[in-house]
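Colleague: I would like a close look at one part of this model, the packing of its helices around the buried interior. Please take it piece by piece and then go on to the loops and the backbone.

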Amino acid sequence: MDRRSSASRSSSRWEAVRERRTTVLRLYGVACRKAQSVSVNLATLAPSAGAALPADHPLVDGRTATAPLIRALRGDRPEHLPVWFMRQAGRSLPEYREARQGIGMLDSCLRPELASEITLQPVRRHGVDAGIFFSDIVVPLRLAGVGVDIAPGVGPVMDQPYRTTEDIERLVSLSVDDDALAPIRRAVALTVAELGHTPLIGFGGAPFTLAAYLVEGRPSRDHLAARTMMHAAPETWDRLVSWTGDLTGAFLRAQVEAGASAVQLFDSWAGSLSRADYTERVAPSSVRALAHVAGLGVPAIHFGTGTGHLLGAMRDVLVSAGVTDPAVGVDYRTPLDEAATALPGVPLQGNVDPALLAAPWPVLEAHVRDVAARGATAPAHVLNLGHGVPPDTDPAVLTRVVELAHTL
């Protein structure tokens, strides 16, 4: 098979797909521009404007430009269904547990060689179509100098809850510079050098999720303190999420510039919000975060848990940020055909129920095939879970799911 002619045909298909999708997304862009609540002055984020990826970036030199994952995120249908898993690099892998023995989570994220090795482990084992950069949502906070650690069995714990205007003013005086981001760039560069034609997805936590951790001081089921602040002290809240938006944006941009071929913005807690609160008090900061990388031309996925009622608003965030190739991740609660109806023209990612990974293979296989069939109603589909890989998952099951996906 002539790979050059195949790449040329793929490029032509991409252009046709982009033209069709641009017509649809332009309509969404008009709607977003009319909605003041989603507007952000992108001129204040000028570093993205007019920027170009370096010549040795995998998307530029051709290593990942025609990879199945990238083609799907750009609205094409590659020869096989691309698949990767959220939390694919994690406690389900014995090699991960061995590599991290005696090393804290955040320290593991900030040791370039170790973070790279952990990112590569599931790619080697499962043959997935992408690596997802090994990190944690709160890493940008640590890089900025915020006192945060990850308590075993609890999750991110701050040195204090940040709830007063004075607290927030102290936070927003902090920033991440190139020196602070150097370990991230190094880890990404090491990983991309090993991945070859397999793309790396950059990782970032959405501004609301970061802000919720800061205001609550630790994980929370209902995020009452954060939701109270956005109404009781809206100006203070806006200062906070604008700051977390820029932190995440700088974190994502460092990964892209170092070689990531796509990014995913994770909003773990957005499902706790009403659509009105999300649109008015959260969406602008997510636009702000994604605008840091939109000018670099990489595909971007926006994912949240429990966000079936927010899918349209999450798409609008991507479009308002100027993302050229937007895709939306769907959790296990919303069937993909319903999501495709709600998001015409938008590639989807998801949404195998993680609970079924422990079910007998015939049950799981039927479920994966059903997810793929529903995903076929979207212009393009990336198979994934509807949340992260549970720690007690048998790795062999994930490998088997990859093998099945590659036949679909």
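Modeller: What follows goes from the whole chain to the helix contacts, the core and a few single residues.

The model is predicted. Its protein chain has 17 helices and nine strands. Of the 408 residues, 57% count as buried. Among contacts between residues at least 6 apart in sequence, 78% join residues at least 24 apart.

Start with helix H6 (residues 112–126), which packs against helix H9 (residues 178–195) at an angle of about 35°, the axes being 8 Å apart. The crossing of H6 past H9 is right-handed. From H6, the contact is made by Pro112, Glu113, Ala115, Ser116, Thr119, Leu120 and Val123. H9 contributes Pro183, Arg186, Ala187, Leu190, Thr191, Glu194 and Leu195. Sorted by class, this contact has eight nonpolar, three polar and three charged residues.

Threonine 119, in helix H6, can serve as a closer view of that contact. Its relative accessibility is 1%, so threonine 119 counts as buried. Leaving aside neighbours within four places in sequence, threonine 119 is in contact with Ile132, Phe133, Phe134, Thr191 and Leu200.

H6 also takes part in covering helix H17. Eight of the eleven residues of H17 (residues 395–405) are buried, so this helix is largely enclosed by the rest of the structure. The buried ones are Pro395, Val397, Leu398, Thr399, Val401, Val402, Leu404 and Ala405. They pack against helix H4 (94–99), H6, helix H16 (361–375) and strand S9 (381–385).

Helix H8 (residues 165–172) has Asp167, Ile168, Leu171 and Val172 as buried residues. Seen down the axis of H8, these fall within an arc of 125°, so they line one face of the helix. An α-helix has 3.6 residues a turn, so residues three or four places apart point the same way. The cover over the buried residues of H8 includes helix H10 (207–216), helix H11 (224–232) and helix H12 (234–258).

H12 leads on to the largest nonpolar core, which has 131 residues. Those touching the most other members are Trp84, Val138, Leu141, Trp237, Leu240, Trp243 and Tyr278. H12 gives the most to this core, with ten residues. Tryptophan 243 touches Leu171 and Val172, along with Leu141, Ala144, Val146, Leu174 and Leu214, not counting residues up to four places away in sequence. Leu171 and Val172 are among the buried residues of H8. In soluble globular proteins, nonpolar side chains tend to be buried together.

Another helix pair is H13 (residues 275–294) with H14 (residues 311–321), whose axes come within 8 Å and cross at roughly 35°. H13 passes H14 in a right-handed crossing. On the H13 side, the contact is made by Arg275, Tyr278, Thr279, Ala283, Ser286, Val287, Leu290, Ala291 and Ala294. H14 supplies Gly312, Ala313, Met314, Val317, Leu318, Ser320 and Ala321. By class, there are eleven nonpolar, four polar and one charged residues in the contact of H13 with H14. Tyr278 of H13 was also listed above for the core.

Next, the loop between H10 and H11 holds glycine 217 and histidine 223. Glycine 217 counts as buried, at 7% relative accessibility. Glycine 217 and glutamine 160 are 57 residues apart in sequence, yet their C-alpha atoms are 5.7 Å apart. Beyond neighbours within four places in sequence, glycine 217 is in contact with Pro156, Val157, Met158, Gln160, Pro161 and Ala212. Histidine 223 is buried, with a relative accessible area of 2%.

Some backbone values remain. Most residues other than glycine have a negative phi, and most peptide bonds are trans. Histidine 223 has a positive phi, near 55°. Phi is positive too in arginine 87, near 60°. Arginine 87 is in the loop between helix H3 (68–73) and H4 and counts as exposed, at 54% relative accessibility. The peptide bond from glycine 350 to asparagine 351 is cis, with omega near -20°. Asparagine 351 belongs to strand S8 (residues 348–352).

Asn351 is also touched by proline 335, as is Arg374, not counting residues up to four places away in sequence. Proline 335 sits in the loop between strand S7 (326–329) and helix H15 (336–342). Proline 335 is partly exposed, with a relative accessible area of 26%.

Note on methods
Residues numbered from 1 in each chain as written. Predicted model: local features only at pLDDT ≥ 70, side-chain atom pairs only at ≥ 80, totals over all residues. Heavy atoms only, no water. Helix = DSSP H or I, 4+ residues; strand = E, 2+ residues; numbered from the N terminus. Buried < 20%, exposed > 50% of the residue type's maximum accessible area, 1.4 Å probe, protein only. Contact = heavy atoms within 4.5 Å. Axes fitted to C-alpha atoms, helices over the stretch in contact; angles between N-to-C directions. Left-handed = near helix turned anticlockwise from the far one by under 90°. Nonpolar A, V, L, I, M, F, W, Y, C, P; charged D, E, K, R; others polar. Arc of directions from axis to C-beta. Core = buried A, V, L, I, M, F, W, Y, C linked by side-chain atoms within 4.5 Å.
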